[in-house]
Amino acid sequence: MEKWEGKLAIVTGTSSGIGRGIAIKLVEAGLRVVGIARRENLGRELELALAGEKGRFYHLTADITKEEDVLKAFEWVEENLGAVHILVNNAGTTRETTLVDGTTTSWKEVLDLNIMGLSMMTREAVKSMRANNITGEIIHIGSLGGCITSSPVKGLRMYCASKHAVRNLTEGLRAELLEVGSEIKVSCIHPGLVEDTEIGEYNAAVKGLFPLLEYVLKPEDIGDMVLFVLSRPPHVQIHDVLVRPIGEPL
């Protein structure tokens with residue numbers, strides 16, 4: 001990870017759960033990390049918690065479902081901290097809603113964050129990297145739910161469809177980067193059941209299906225996987241990886 005010391009990473013959804021775990025790992029590894037989240041109080045708490053670490057954490061309050069917020073966030077980052085080297089698209093949400101009688105509002109809330117927010121963040125990060133001649137990395141945080149044919153939990157099928165789209169968008173981005181001759185890397189990490197996240201409906205539903213499941217992943221486990229992806233040599237791209245806790249049967 002020495003090659004990334006002092007470099008700038010953006011991580012979305014850092015106020016809790018996996019995003020917080022990723023941000024902590026990156027700061028401990030010596031990176032400057034901008035955490036984008038809507039809840040300022042939790043972001044400021046993380047700034048204080050990480051003061052004195054090898055790297056530095058900066059909280060930026062923004063809603064990445066709004067294009068204006070995304071554009072302003074990148075403008076602030078480039079004006080105050082410089083060009084982006086790494087983007088981790090972690091922010092995501094779910095709603096308990098069905099496909100046959102779910103509400104349009106619930107569907108839109110899932111798709112706006114999990115797909116549109118991720119896509120707008122990716123577009124602006126790639127734009128920044130290419131403009132500054134940076135061979136950076138884009139890492140999407142997907143889900144086990146995006147890797148299975150159909151969710152066994154009917155209320156979470158729109159969420160799983162959105163995470164399947166994230167997997168497809170990863171492959172599409174890889175193809176487009178090749179087409180323009182860019183060596184920017186793109187990866188997708190798919191966590192299984194993770195404790196202490198705010199995708200509570202998904203985790204509770206999966207845990208409910210398998211009440212005897214002994215182990216769950218921790219946010220820092222996914223943070224470690226992000227470090228593993230970033231620490232590969234220049235010719236190695238970890239494109240798609242599924243991380244399950246021992247004993248998870250899905």
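**Notebook: loops, strands, helices and cores**

I began with G102, which I found in the loop between β4 and α4. I note at the outset that this is a predicted model, and I keep that in mind for everything entered below. With residues up to four places away in sequence set aside, G102 touches T97 and W107. I also looked up how far G102 lies from Q237: the two are 135 residues apart in sequence, and their C-alpha atoms are 38 Å apart in space.

**Entry on a second loop**

I then turned to N133, which sits in the loop between α4 and β5. Its phi is positive, about 55 degrees, although N133 is not a glycine. For background I wrote down that most residues other than glycine have a negative phi. Is N133 buried or exposed? Its relative accessibility is 73%, and since exposed means over 50%, N133 counts as exposed.

**Entry on the strands**

I followed the pairing of the strands next, starting with β1 (8-12) and β2 (32-37). These two strands run parallel and are joined by 5 bridges, and I looked up one of the pairs, in which I10 has V34 of β2 as its bridge partner. Between the two strands the chain passes through α1, and the β-α-β crossover made in this way is right-handed.

On β2 I also checked the pairing with β3 (56-61), and found that the two strands pair in the parallel sense over 6 bridges. R32 has R56 of β3 as its bridge partner, while V34 stands opposite Y58 in β3. V34 therefore appears in my notes twice, as the partner of I10 and opposite Y58, a reading that rests on pairs of strands for which DSSP finds at least two bridges. Helix α2 (residues 40-49) lies between β2 and β3 in the chain, and the three together make a right-handed β-α-β unit. As to its surroundings, β2 is mostly covered, with 5 of its 6 residues buried.

**Entry on helix α3**

Helix α3 covers residues 67-80, 14 residues in total, and from its first C-alpha to its last it reaches 20 Å, close to the 20 Å expected at 1.5 Å a residue. Which residues of α3 are buried? I found V70, A73, F74 and V77. Seen down the helix axis, these buried residues fall within an arc of 90 degrees, so they line one face of α3. E68 and E79, on the other side of the helix, are exposed. I then asked what the buried residues of α3 pack against, and the partners are β1, β2, β3 and α4 (104-131). After α3 comes G82, and its phi is positive, near 105 degrees.

**Entry on M121**

From α4 I picked M121, which has its place in that helix. M121 is buried, with a relative accessible area of 0%. Leaving aside neighbours within four places in sequence, I listed the contacts of M121 as I10, T12, I36, I64, V70, F74, L87 and N89. V70 and F74 are among the buried residues of α3. I also looked up V11, which is 110 residues from M121 along the chain, and found their C-alpha atoms separated by 10.0 Å.

**Entry on the cores**

Which residues touch the most other members of the largest nonpolar core? Of its 30 residues, they are I22, L26, V33, I189, I222 and V226. Two or more residues come from each of β1, α1 (17-28), β4 (86-89), β5 (137-141), α7 (219-230) and β7 (240-243), and α7 gives the largest share, 6 residues. I followed V226 further and found that, not counting residues up to four places away in sequence, V226 touches I22, L26, V88, I139, I141 and I189. There is also a second, separate core of 29 residues, which includes A62, I64, F74 and V126. As background, nonpolar side chains tend to be buried together in soluble globular proteins.

I closed with E220, which is found in helix α7. E220 is partly exposed, its relative accessible area being 36%. In sequence E220 and I22 are 198 residues apart, whereas in space they are 6.6 Å apart, C-alpha to C-alpha.

Definitions and conventions:
Residues are numbered from 1 along each chain as its sequence is written. This is a predicted model: local features need pLDDT of at least 70, side-chain atom pairs count only at pLDDT 80 or more; totals for chains, interfaces and linings use all residues. Side-chain values use heavy atoms; hydrogens and water are left out. A nonpolar core is a set of buried Ala, Val, Leu, Ile, Met, Phe, Trp, Tyr and Cys residues joined through side-chain atoms within 4.5 Å. Buried means under 20% relative accessible area, exposed over 50%, partly exposed in between (1.4 Å probe, protein chains only). Helices (H or I, at least four residues) and strands (E, at least two) are DSSP runs, numbered from the N terminus. Contact means heavy atoms within 4.5 Å. The expected span of a helix is 1.5 Å times one less than its number of residues. The arc is that of the directions from the helix axis to the C-beta atoms. A crossover is right-handed if, with the strands pointing away from the viewer, the path from the first strand over the helix to the second runs clockwise.
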